[in-house]
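Dear colleague,

I am handing over the structure below, and I would be grateful if you could keep it open while you read the notes that follow it.

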Amino acid sequence: DARDSLYIRMPAHAIAGGLTGKVKVYDPLYSLNWGKPSADADVVASVQADGSYPTLFVYEKGDKLVDGSVAPNKRIGLFLGQAANPAANWPTDYADLTEAGRTLFLNTVAYALGASAKPTLSLARSGNDLIVTYGGGTLQSSDAVTGPWKDEAGASPFKIQPTAAAKFYRAKGN
């Protein structure tokens with residue numbers, strides 16, 4: 001079934017990279033692969049907002065798999081499907097992934113390899129407020145680009161009401 005988006009279920013997971021809610025991962029429409037993981041799996045994203053049809057999930061070493069066996073190492077189910085066309089028989093083209101889709105793909109590869117996910121940071125305006133969305137690290141701020149930097153208390157997305165002439169933000173890797 002043709003879709004372009006999935007729903008992030010675990011925004012704090014390293015693979016999510018700070019993404020939250022409904023996330024557009026394809027342009028144009030594709031089918032999303034999904035699976036039926038056991039209760040031990042961390043479901044990072046699903047096809048439906050209610051969590052049904054898990055499409056991005058992780059088993060850690062030692063987790064119980066759906067067949068009752070134990071995962072000998074990390075296992076990951078990834079959403080990459082094929083073109084949403086009954087005659088299509090080709091895999092996802094990297095160029096058809098949105099920025100969010102690429103973020104999830106690259107974070108998944110980094111997680112599979114055991115590397116920490118690269119911190120992500122994006123800024124957007126909402127009226128007079130600034131919305132800072134970050135993941136894979138700790139949000140820090142400073143009055144000067146050279147520091148000193150201090151940790152910000154607050155989850156992503158972080159809402160700021162600008163008051164100073166200049167303020168700098170970064171996501172520092174954990």
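Tyr-53 is partly exposed, because its relative accessible area of 39% falls between the limits of 20% for buried and 50% for exposed. Please bear in mind that this is a predicted model. Tyr-53 sits in the loop between strand 3 and strand 4, and although Tyr-53 is not a glycine, its phi is positive, at about 60°.

The two strands on either side of that loop run antiparallel and are joined by 4 bridges, with Val-43 having Phe-57 in strand 4 as its bridge partner. Strand 3 (residues 42–46) also pairs with strand 1, again in the antiparallel sense, over 2 bridges, and here Tyr-7 stands opposite Ser-46 of strand 3.

Within strand 1, which covers residues 5–8, lies Ser-5. Ser-5 counts as buried because its relative accessible area is 10%, which is under the 20% limit. The side chain of Ser-5 makes a polar contact with the side chain of Asp-4 at 2.8 Å, and, leaving aside neighbours within four places in sequence, Ser-5 is in contact with Lys-22, Val-23, Lys-24, Val-25 and Leu-32.

Finally, there are cis peptide bonds to look at. One runs from Asp-27 to Pro-28, with omega near 20°, and Pro-28 belongs to the loop between strand 2 (22–24) and strand 3. Another joins Gly-147 and Pro-148, with omega at about 0°, and Pro-148 is placed in the loop between strand 8 (137–142) and strand 9 (150–151).

With best regards

Methods. Residues are numbered from 1 along each chain as its sequence is written. This is a predicted model: local features need pLDDT of at least 70, side-chain atom pairs count only at pLDDT 80 or more; totals for chains, interfaces and linings use all residues. Side-chain values use heavy atoms; hydrogens and water are left out. Buried means under 20% relative accessible area, exposed over 50%, partly exposed in between (1.4 Å probe, protein chains only). A polar contact is a pair of N or O atoms within 3.5 Å; within protein, one must be able to donate a hydrogen and the other to accept it, and residues adjacent in sequence count only if both atoms are side-chain atoms. Contact means heavy atoms within 4.5 Å. Two strands pair if DSSP finds at least two bridges between them.
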